Amino acid sequence: MKKYKHSELIVLGAVMTALFLLMVVLNPGEFLRIGNLQTMAFQLPELGLLSLAMMVTMLTGGINLSIIATANMSGIVTALILTGAINPEAPPPGAGGIILLAVAAGLLTALVIGLLNGLLVARLKVSPILATLGTMTLVNGLAIVTTRGYVISGLPNAVRFIGNGVVLGIPVGAIIFILCAALMALILNRTPLGFNIYMLGSNPVASRYSGVNNTTVIIKTYLISSLYAGFAALIMLSRFNSAKAGYGKSYLLITILASVLGGTSAAGGFGRVSGLVMALVILQVVSSGLNLLRVSSFLTITFWGVIIILVMVMNFFSAKLKERRLV
Amino acid sequence: MTDLFLSMKNISKRYTGVKALDRVDFEIARGEIHCLVGENGSGKSTLIKIISGVVKPDSGARIEVEGDVILHHHSIDSILKGIEVIYQDLSLFPNLTVAENISLSQTIASRSKIINWRRVREISEKAMARIGVHIPLDEQIDNLSIADQQLVAICRALTSEVKLLILDEPTSALTRKEVESLFTVIKDLQAKGIATLFISHKLDEVLQIAEKVTILRDGKKIETLPSRGLTDEKLTFLMTGEKMEYSRYTIDNRHEEPLLEARQLSIQGNFRDISFKLYPGDILGITGLLGSGRTELAEALFGMNPFESGDLFIEGRKISIKSVQEAIRLGIGYVPENRLVQGLVMNQSVAKNIIITTITRLLNKFKLIDPEKRQRSITRWIKNLSIRIPAFDAPVHTLSGGNQQRVVLAKWIATSPKVLILDGPTVGIDVAAKSSIHDIIRDLAGRGMGIIIISDEVPEVFHNCNRIMVMHKGRIIAEFDSTVTTEEEIQNCINMAS
Amino acid sequence: MKNLFKHHETYVLLVIIVFSAIITTINPNFLTLENFFDLAKSYSFIGILAVGVTIVLISGGIDISFTAVATVGEYVMAVMVIKYGGNMFTAVLLVAVVGIALGMINAVLIYFFNIPTIITTIATLNIYYGILIVISGGKWIYALPDWFRNFADIRLFTLRTAQGLEYGLSIITATWFAIIIIAWIILRYTKLGRGIYAMGGSMNAARRAGFNIFGIQMFVYSFMGLMAGIAGLVQALLVQTVAPNSIVGKELDVIAAVVLGGASLAGGSGTLFGTILGVTLIAIMGNGLTLMRVSSFWYDVFIGLVIIISVGFSAYQRREKVKRTILVEGE
């Protein structure tokens, strides 16, 4: 029996390789330096975790516009506890426990927001884009109210290690990202929940008639999405060395682009973590490569836009070709 | 036949390698009611597309409308010649009003870029008057019943100078009563000299309304016959080329303990006081009109819409079913009415669709899906039900209707249910594939499963069930033992009620 | 009466009335003509964008790129009129040409390559905005010509408060109202407008019925582009500065206003009246909080709550409608 090929992953792999080589050629000796690769590995996790948070909801045919607001709120809660309890100049004994507690509180905040999204989408059947637009605004507002619009800074060094530390030459953030991506792949490919996410994303009516508990699957999906936003919050907290409402706002639309670039269907039901990772590498390679060329970071986002359109156009033609072969 | 409206000679159509139509001749007279029958893939829709100008025939074809040879055939030519097609999905706009939908073709055809709302209403009123129907002009389409939507689609066709109306499967979503009134409309159009060509799967309806029947098989025209004197069996034979053997299903099982017993189940506004027993090996037929509460009953037994009062027993144990998950755990499976929407996840693979009901049983000790168990289960069911597929990961929509239904059956048999409820198990499936689905069902019953078949095709329940219940307005109004009843008796019971 | 409550607009209107009543009891300054004219002027920017977004949503699509289009439009306009001189007419012409051209690019990508509208427009948002910032260097423009300054102060009629302060209907507000009327006529009384509704209701049926899908999409996205261009101009008139980074990032706020007004993201439904109410609701909430001396920090919290309650409520209503019943004998 012949295999149905994942032509989108092939297109993506080719684009990734080509861009990587292009950047190596344009920046001879510089692009492949350990320092540069490390910088790339420092930058990617933030967007990477947020994109995973976005992608998992897109697989169910939904979307989560509140991920950035969630991450900020979660980061703010963690930061408030930390700055309240620990003086960074003279960390008290038992600071480790307080840090864990603060992180747990941050993640818990994220989960509460995820639960709200899940209930709105699964129980009230609000369209995901509207539900999360609402929670985005609400959570963002709460973040502004709790911080009075100020930056919360003065975090203990241990927290800064998460985003800036290096273990065996590999940035800690990158290790966290790899673990989280692997965990997501495991959930999606090897658990009943993941299986159901894809089926529900393709046809929620049929999945319901097949005994899938759609409500639970959707709620769990938004919980996972929020949890990943919470993970991203830790990295943001430590890289900015502070928390504030409104950090990383421009990431929101980029996470949608990254997911779609990685082959996640905007209509739901299809998409893989491997594709998303390749997409993230593409975006990072372009961004770092252009940066080495001293090109404005705004031209980078232009290139990102162009790449996504080119890839979509290529997918359009490859789908057309496949169709013609089938007839 | 001297008064020909449409005459087609030597129509062939070849799609890369496949002959969809092979030298077909076809004609329709003015005001004739003509029906086109054939199995899926016999070339019916290609022929209609050629008539409507959407598809071009291969060279050598000759098409005449009212004596004029049509050379450059485009859909607009057909419309100008008075040929209108109403597709199965009706192509209406759910968000627009009745008046706008009816007048739409005229709106598009008119040269004016401005909408004249008074004219919109006039056009619609005139079209409705032609067939004597009254649907509120300002009602939005998605608030109408399917039957009314169909009338709107017909009215839209009538706004132009239509001479031939083509209806693709017009009755598939209608109740018996609605079918009757649709037929009255078609007869009415005939009196005005408008010919109707329609495609249908329901042979009894074909014989009731059509004057002539054209049978297609494998892209070839078998025959055009006057409907008088034709029978179901004869038509089936012409369509499939095979003689169908109808054997009856009987079983003696009353001495055993019932698998399922319902006592006075009710849901307000759905059904009331439903009581029956289902024994191992039973195939219980439930028939009745669309909207008689039969699907609602099935969905209640399956936990989608829990019943409000009454008692339910499985193997003598009193139970309540509050969710689908619970129903599955208790050993109830449900093959829903609409395969495309409810039955299968069409874009996903055959493999995934087969294991969707049993995914939690395919885990290893870490609660992760075990690839080996997964593969074993998929291979087993594909083999057991001889499902023909191009590849394991081929999307289900690439399969034929019959094979798709086998996938649905497979996923339910895989749960090893005690009771399997099938709602319209052979809707839209070829005659030949139908009987093999029925064979699978009988085989399951033979192994002690209790089966409920819900169908509005009386012959289907009559031949395949040992007991038949008729539902009407949410109640069971009659029960028949198939060894001592006739098809006519059941049909009469349904007709009397409505 | 029962019919009235079938409409989403009725509920929004009720909420607006309730809010207004609350605000007025706390601060009577809210219910003055002066405040209203002022409010209408400062919300014309969002209001004009909302008209474009409504039409895109009705057609079954979505546009995210309009903030970038507005920015590019106002920037190009400002640079050109400063460099080559001109008048209001040339300014309008410039933003219109830029807006329509960028909108057409969106339409072409959407129609020919079948890319989901949300993806296309997120991508073009980044492309348009990135290029503008790179070329402009992100520099703000302050030195706008005098005639540009003076135009912003034109009033169609002028009234006087008891204290002798002048106020009235600004030409900017009038432009917004004129746009609403034009858009309403297009949607209600032209073949094109009905085609937009038809396409949003069912793309396939629209194609079969013989609508020119490409033409309609071209119009919808160019019109959105035109609205974005004009909104950019209005923004420049209102603040008398052109800041490349002041508009981008507000796209979801505008969409939220439109959605509050009842336009569905599934396409095919929505009215301009609803959109006006949505924008009004957002406007009086912002204004009301200020007048009630509530800290502006609370603004997003309120808007978020209103969105969640509103979409939750209408989703709940829809669910009730779906519950089916059949006639059961003896009930």
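This is a short tour of chain A and of the two chains that touch it, chain C and chain B. Keep in mind along the way that the model is predicted.

**Stop 1: chain A alone**

Select chain A and hide the rest. Coloured by secondary structure, chain A shows 13 helices and four strands. Turn the view along the principal axes, and the C-alpha atoms fit a box of roughly 70 × 55 × 30 Å. How does the radius of gyration sit with that of a compact globule? Chain A has 20 Å, which agrees with the value near 20 Å for a compact globule of 327 residues.

Now colour chain A by accessibility: buried residues make up 57% of its 327 residues. If you draw contacts with a separation of 6 or more, 79% of those in chain A join residues 24 or more positions apart.

**Stop 2: chain C against chain A**

Bring back chain C and select the residues in contact. You should have 43 residues from chain C and 44 residues from chain A. About 3,500 Å² is buried between these two chains, and carbon and sulfur atoms give 85% of that area. Which elements of chain C should you pick out on this side? Those giving two or more residues are helix 5 (88-113), helix 6 (117-136), helix 12 (251-260) and helix 14 (299-322) of chain C. Zoom in on helix 6 of chain C, since it is the one that gives the most, with 14 residues. Colouring this side of chain C by class brings up 31 nonpolar, eight polar and four charged residues.

Next, look for polar links across the interface. Between chain C and chain A there are two residue pairs in polar contact, counting pairs with both residues at pLDDT 80 or more. A search for salt bridges here finds zero.

**Stop 3: chain B against chain A**

Swap chain C for chain B. The contact now takes 40 residues from chain B and 27 residues from chain A. Chain B and chain A bury about 2,700 Å² between them, with 64% of it on carbon and sulfur atoms. How many residue pairs are in polar contact across this interface? With both residues at pLDDT 80 or more, the count is 11. Salt bridges between chain B and chain A number zero.

To see what chain B brings, select its helix 10 (324-329), helix 11 (339-343), helix 12 (350-355) and helix 14 (401-413), each of which supplies at least two residues. Helix 11 of chain B has the largest share, four residues. By class, the side of chain B that touches chain A holds 24 nonpolar, 11 polar and five charged residues.

Definitions and conventions: Residues numbered from 1 in each chain as written. Chains lettered and ligands numbered in written order. Predicted model: local features only at pLDDT ≥ 70, side-chain atom pairs only at ≥ 80, totals over all residues. Heavy atoms only, no water. Contact = heavy atoms within 4.5 Å. Buried area = accessible area lost by both parts, 1.4 Å probe. Salt bridge = Lys/Arg side-chain N within 4 Å of Asp/Glu carboxyl O. Polar contact = N/O pair within 3.5 Å; in protein donor to acceptor, adjacent residues only side chain to side chain. Nonpolar A, V, L, I, M, F, W, Y, C, P; charged D, E, K, R; others polar. Rg over C-alpha atoms; globule rule 2.2 N^0.38 Å. Buried < 20%, exposed > 50% of the residue type's maximum accessible area, 1.4 Å probe, protein only.
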